[in-house]
Amino acid sequence: MTKRERVERVYRLQPPDRIPFVPAIYEHKARLIGRTPSEICRNAELLRAALERELTVYDPDMLVVGVDVYNVEAEALGCAVRYFDDSPEVPAIVEPLLDGPADLSKLRLPDPETGGRMPLYLEVAGSLVRDHAADMIIRGAVTGPFSLASELLGPEKLAIAAVEETGMVRRLLEFTGQVTARFGVAFLKRGAEAILFDSRAAPPLISPRMFRELVLPVYRDKVVPELKAAGARYLPLIIGGDTTRILDGLLATGATQLLCDAPADLEAFKRACAAARVPFRANVDARLVHRGPPEAIRCEARRIAERCRDYPGFLLGCGIVAYDCPSEHVLALREVLG
C-alpha cells in the first residue's frame, strides 16, 4: 500500500494496513541538512532538499511544505520578519502591522504568485507534487484567519478587540479569510492539498463563545467552501492546545480532518469524530518527544495508538518537533507503527 493509499483509506474511514505517521516537522527539517530555519525558508533549493531529507530520515506518510508557518502571509501583507541566519531560532514577526480599525483600509490582498515568499512555497510544493504525488499527498501550509489576524494586529490587541470592537474583528477576519483561501487555492492549482494552521484560535487565547461567533463563520461560510470548490479533497484544520471545549465548533467548520493535540481529551475527540465521521490526528506531546528517552516516547505512542486503533479515521503524530530534537526520538514514534 502506498502512503497515498494508506492516508486516503483513513480519510474514507476504511481500515489501512497501518496507522499513518504524520509528525509535525517544520523548523526541524533544516537541521536534517545542517542549515538554519532562516536559510531554508528563503531558498527553494534548500527547502526542497530539507523536505526530501525529512522523507528519507523519518518516512512520514505526508509531507508539509512549511517552515515558519505563521509568518508567510503576514510578511506578504507588509509585516517585517526577523531572520536568524546563524542561529536555529525560528524567524519571527518584528511588530504588528495594524494599530487599530483605521488601518484596515490599508490592507490589500496579496497575490500568491508574487507576494513575499508565497511563490517560493508554491514552487517547492509543485516540484514535490511532480515527483511524489503518485505515492503520497503533498500539503501546503496555510495560516488560518484568526492566527493571521493575530499577527497583523498583535495577540493582545486582538483579544481585547474581540470583546470591545467585535465589528472591527469581523471585518479583519473577513479579510484574512480571503488571504487564507487565496493561498490555499494557489497550492491546489499545483496539485498540493492545503493544510490550515490556526493555533491562535484555541482556548484560553479566545473563549469558546468567541470561537463560535467570530472564527467558525469564517471557516464554515468562506474558507472551507472556497477551498472545496477549488478542488480540495482533504482539508485538515490544525489548532493546537486543549481544544476540547470548541470541539463542536471545529466539527462545524467543514474541515475534513481535525487535530487532537496532547492537552485535549482524546476520548472526547474519538467519540465526537466517530459520530461525525471525521478523521482526526492525535499528538504525542512535543515536550516528551524532545526530552525522551525513546522508550518513554514509544510507550506513550503505543498507549495512544491502542486507544484509537479501533477507529479507522485515526492518524498518529506529535507536536512541533524542535530544531535540536534528536532524530532517534522522532524515529521512536515511527517504530511503534511498524
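The legends below describe several close-up views of a predicted model.

**View 1. Helix H12 and the elements packed around its buried residues.** Helix H12 covers residues 266-276, and its buried residues are Leu266, Ala268, Phe269, Lys270, Ala272 and Cys273. These residues pack against two helices, H11 (247-252) and H14 (294-308), and against two strands, E8 (257-260) and E9 (280-284). At the start of H12, the backbone nitrogen of Glu267 has a side-chain oxygen of Asp265 within 3.1 Å. The helix is followed by Arg277, which lies in the loop between H12 and E9. Arg277 has a positive phi of about 60 degrees although it is not a glycine, and this residue is exposed, with a relative accessible area of 57%.

**View 2. The crossing of helices H4 and H6.** Helix H4 (residues 44-58) packs with helix H6 (residues 118-132) at an angle of about 45 degrees, and the two axes are 10 Å apart. That angle makes H4 oblique to H6, and the crossing in which H4 passes H6 is right-handed. On the H4 side the meeting residues are Ala44, Leu47, Arg48, Leu51, Glu52 and Leu55, while those of H6 include Leu120, Tyr121, Val124 and Leu128.

**View 3. The packing of helices H8 and H9.** Helix H8 (residues 155-164) and helix H9 (residues 166-189) have axes 6 Å apart and pack at an angle of about 120 degrees. That angle makes H8 oblique to H9. Leu158, Ala161, Ala162, Val163 and Glu164 of H8 make the contact with Thr166, Met168, Val169 and Leu172 of H9.

**View 4. Leu288 in helix H13, with the cis bond before Pro293.** Leu288 is found in helix H13 (residues 286-291) and is buried, with a relative accessible area of 12%. Leaving aside neighbours within four places in sequence, Leu288 is in contact with Ala296, Ile297 and Glu300. Between Leu288 and Ala322 there are 11 Å in space, C-alpha to C-alpha, although the two residues are 34 apart in sequence. The loop between H13 and H14 holds Pro293, and the peptide bond leading to Pro293 from Gly292 is cis, with omega near 0 degrees.

**View 5. Helix H15 and the residue Gly338.** Because 7 of the 10 residues of helix H15 (residues 327-336) are buried, this helix is largely enclosed by the rest of the structure. The buried residues are Ser327, His329, Val330, Ala332, Leu333, Arg334 and Val336. Just after H15, Gly338 takes a positive phi of about 80 degrees.

**View 6. Backbone geometry at Leu13 and Pro204.** Most residues other than glycine have a negative phi, and most peptide bonds are trans. Leu13, in the loop between helix H1 (3-11) and strand E1 (21-22), has a positive phi of about 60 degrees although it is not a glycine. Leu13 is buried, with a relative accessible area of 14%. Pro204, in the loop between strand E6 (193-197) and helix H10 (208-229), is joined to Pro203 by a cis peptide bond with omega near 5 degrees.

**View 7. The cysteines Cys79 and Cys308.** The count of disulfides comes to 0, for which a pair of cysteine sulfur atoms would have to be within 2.5 Å. The cysteine sulfur closest to that of Cys79 is in Cys41, 15 Å away and therefore too far for a bond. For Cys308 the closest cysteine sulfur is in Cys260, at 7.4 Å, which is also too far for a bond. Cys79 is buried, with a relative accessible area of 5%, and Cys308 is buried, with a relative accessible area of 1%.

Conventions: Residues numbered from 1 in each chain as written. Predicted model: local features only at pLDDT ≥ 70, side-chain atom pairs only at ≥ 80, totals over all residues. Heavy atoms only, no water. Buried < 20%, exposed > 50% of the residue type's maximum accessible area, 1.4 Å probe, protein only. Helix = DSSP H or I, 4+ residues; strand = E, 2+ residues; numbered from the N terminus. Contact = heavy atoms within 4.5 Å. Polar contact = N/O pair within 3.5 Å; in protein donor to acceptor, adjacent residues only side chain to side chain. Axes fitted to C-alpha atoms, helices over the stretch in contact; angles between N-to-C directions. Parallel < 35°, antiparallel > 145°, perpendicular 65-115°, else oblique. Left-handed = near helix turned anticlockwise from the far one by under 90°.
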